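Colleague: Before I rely on the vocabulary used for this model, I should like each term set against its cut-off. May we go through them in turn?

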Amino acid sequence: MSSDASDSDASDSGAPVPGLSVPGLSVPGLSVPGLSDPGLSDPGLSDPGAWDPRTRHAQEAYTRRRLAVYDAVVLGLFCSVVWRCPRGDMLRLYRRATGARHLDIGPGTGYFLDRCGFTGPPPEITLLDLSQECLEMSAHRLARYRPRTCRANLLEPLPLPDGAFDSVAMSLVLHTVPGGWDGKGKSFAEVARVLRPGGTLFGSTVLAEGVPMNALTRRLLVEQHRRGNFQNQGDSPDGLARALAAHFPFSRVVVRGNVALFRATA
C-alpha cells in the first residue's frame with residue numbers, strides 16, 4: 001500500500017471526450033454476455049425483500065433528481081473539497097486501465113466512461129448496478145457504445161460468465177456497501193472470477209479510518225453515516241489492501257485525501 005498522491009495512477013491527463021446525449025433513447029432489455037436471450041430481465045436478481053435494509057436504502061437513494069446533480073455535487077464539490085481526491089485522479093485510472101471488454105460496477109451517471117477517451121475499436125461495455133435509475137442514465141449517456149446492462153446485487157453471485165472481461169471498475173461504490181471488509185470484501189472473489197487471467201480491477205472508495213481528516217470531512221462523514229448513505233464505518237486502507245490480496249496475486253492501494261485508489265491484477 002502507498003500513500004503517495006503523486007503516483008502515476010492518481011493524476012489526470014489527456015483531453016476529455018465530449019458527452020453525447022441521444023434524445024428519446026429507450027434502454028434495451030437488461031442482458032449480460034453469455035446469455036442467449038437478449039431481452040432477459042434482471043438475470044439472477046434476488047427477491048428485494050430479502051436484501052439487507054442498508055443495501056435497499058443505498059440503491060433507493062439514487063433517484064433521477066439526485067443523479068441530475070451527481071456530477072457537479074458529488075464528483076465535483078464533494079470529491080475535491082470534502083474527500084480531497086479530485087475526480088481527475090479517478091479518471092486517470094479509467095484512462096490507464098479500462099480494457100476492450102469492460103464491466104463497470106456502480107457506473108453512476110456514466111461520467112468516467114464518457115470521458116475515458118477510447119482509441120481503436122469501440123469497447124464492449126457492461127454496466128452493473130442494483131439501481132435501475134443508474135443503469136438507465138448511464139446507458140443513455142454511453143449509448144454510442146451500445147452498452148449491455150445488468151441489474152444485480154454486488155453482495156450476491158454475479159450473473160456473469162467466468163473470464164468475460166478484460167477490466168472491471170468499482171468507482172465510489174464500496175463505501176456504500178455494508179459488511180466491513182470481511183463482508184463486502186467477498187465481492188472481490190466474484191470480480192476475480194469474471195476477469196480473464198491478467199485482467200485488471202480498479203476503482204476508488206471513501207475511507208473512514210486510518211487516514212487524516214479535517215473537521216469538515218469528519219463532520220460530513222458522520223452525517224453520511226447518520227443518513228445511511230455510507231456504510232464504511234471501520235473501512236481503512238490496510239483493510240482494503242488485505243481484502244484485495246486475498247483474491248488477487250498483485251494489488252496496490254494509493255491514498256489520496258481520505259479516498260483509496262486501488263488496482264489489482266487477476
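**Terms set against values**

Colleague: Why is Cys79 called buried?
Modeller: Cys79 has a relative accessible area of 1%. Buried means under 20% relative accessible area, exposed over 50%, and partly exposed in between, with a 1.4 Å probe and protein chains only. The value for Cys79 therefore meets the first cut-off. Cys134, with 2%, is buried as well.

Colleague: What are the conventions behind such values?
Modeller: This is a predicted model, in which local features need pLDDT of at least 70 and side-chain atom pairs count only at pLDDT 80 or more, while totals for chains, interfaces and linings use all residues. Residues are numbered from 1 along each chain as its sequence is written, and side-chain values use heavy atoms, with hydrogens and water left out.

Colleague: How many disulfides does the structure hold, and why is Cys79 not in one?
Modeller: The structure holds zero disulfides. A disulfide is a pair of cysteine sulfur atoms within 2.5 Å. The closest cysteine sulfur to that of Cys79 belongs to Cys85 and is 6.7 Å away, which is too far for a bond.

Colleague: What makes Tyr94 and Phe202 an edge-to-face pair?
Modeller: The structure holds seven aromatic pairs. Rings of Phe, Tyr and Trp (its six-membered ring) pair if their centres lie within 6.5 Å; planes under 30 degrees apart count as stacked, over 60 as edge-to-face and the rest as tilted. For Tyr94 and Phe202 the centres are 5.0 Å apart and the planes stand at 90°, so the pair is edge-to-face.

Colleague: Which parts of the chain does the pair of Tyr94 and Phe202 tie together?
Modeller: Tyr94 lies in helix α4 (residues 87-97) and Phe202 in strand β5 (residues 195-206), so the linked parts are 108 residues apart in sequence. Helices (H or I, at least four residues) and strands (E, at least two) are DSSP runs, numbered from the N terminus. Tyr94 and Phe202 are both buried. Ring pairs also link Tyr94, Tyr111, Phe112 and Phe202 into a cluster.

Colleague: How do you know that Phe118 and Tyr145 form an edge-to-face pair?
Modeller: Their rings are 5.3 Å apart, centre to centre, with 85° between the planes, and the angle is over 60, so the name applies. Phe118 lies in the loop between α5 (111-114) and β2 (124-129), and Tyr145 in the loop between α6 (132-141) and β3 (148-151), so the pair ties together parts 27 residues apart in sequence.

Colleague: Are Phe118 and Tyr145 buried or exposed?
Modeller: Phe118 has a relative accessible area of 23% and is therefore partly exposed, whereas Tyr145, at 15%, is buried.

Colleague: How do you know that the charged end of Lys184 sits over the ring of Trp181?
Modeller: The charged end of Lys184 is 5.2 Å from the centre of that ring. A charge sits over a ring if NZ of Lys or CZ of Arg is within 6 Å of the ring centre and within 35 degrees of the ring normal. The distance to Trp181 is within the first limit.

Colleague: What makes Arg84 and Arg146 notable in phi?
Modeller: Most residues other than glycine have a negative phi. Phi of Arg84 is positive, near 60°, and that of Arg146 is positive too, near 50°. Arg84 is found in the loop between α3 (70-82) and α4, and Arg146 in the loop between α6 and β3.

Colleague: Why is Arg84 called partly exposed, and Arg146 exposed?
Modeller: Arg84 has a relative accessible area of 25%, which places Arg84 between the two cut-offs. Arg146, at 74%, is over 50% and so counts as exposed.

Colleague: Where do Asp114, Ser131 and Arg242 lie, and how accessible are they?
Modeller: Asp114 is in helix α5 and, at 0% relative accessibility, is buried. Ser131 lies in the loop between β2 and α6 and is likewise buried, at 0%. Arg242, in helix α10 (residues 237-245), has 58% and is exposed.

Colleague: How far from Asp114 is Ser138, in sequence and in space?
Modeller: Asp114 and Ser138 are 24 residues apart in sequence and 8.9 Å apart in space, C-alpha to C-alpha. For Ser131 and Asn153 the corresponding values are 22 residues and 9.3 Å.
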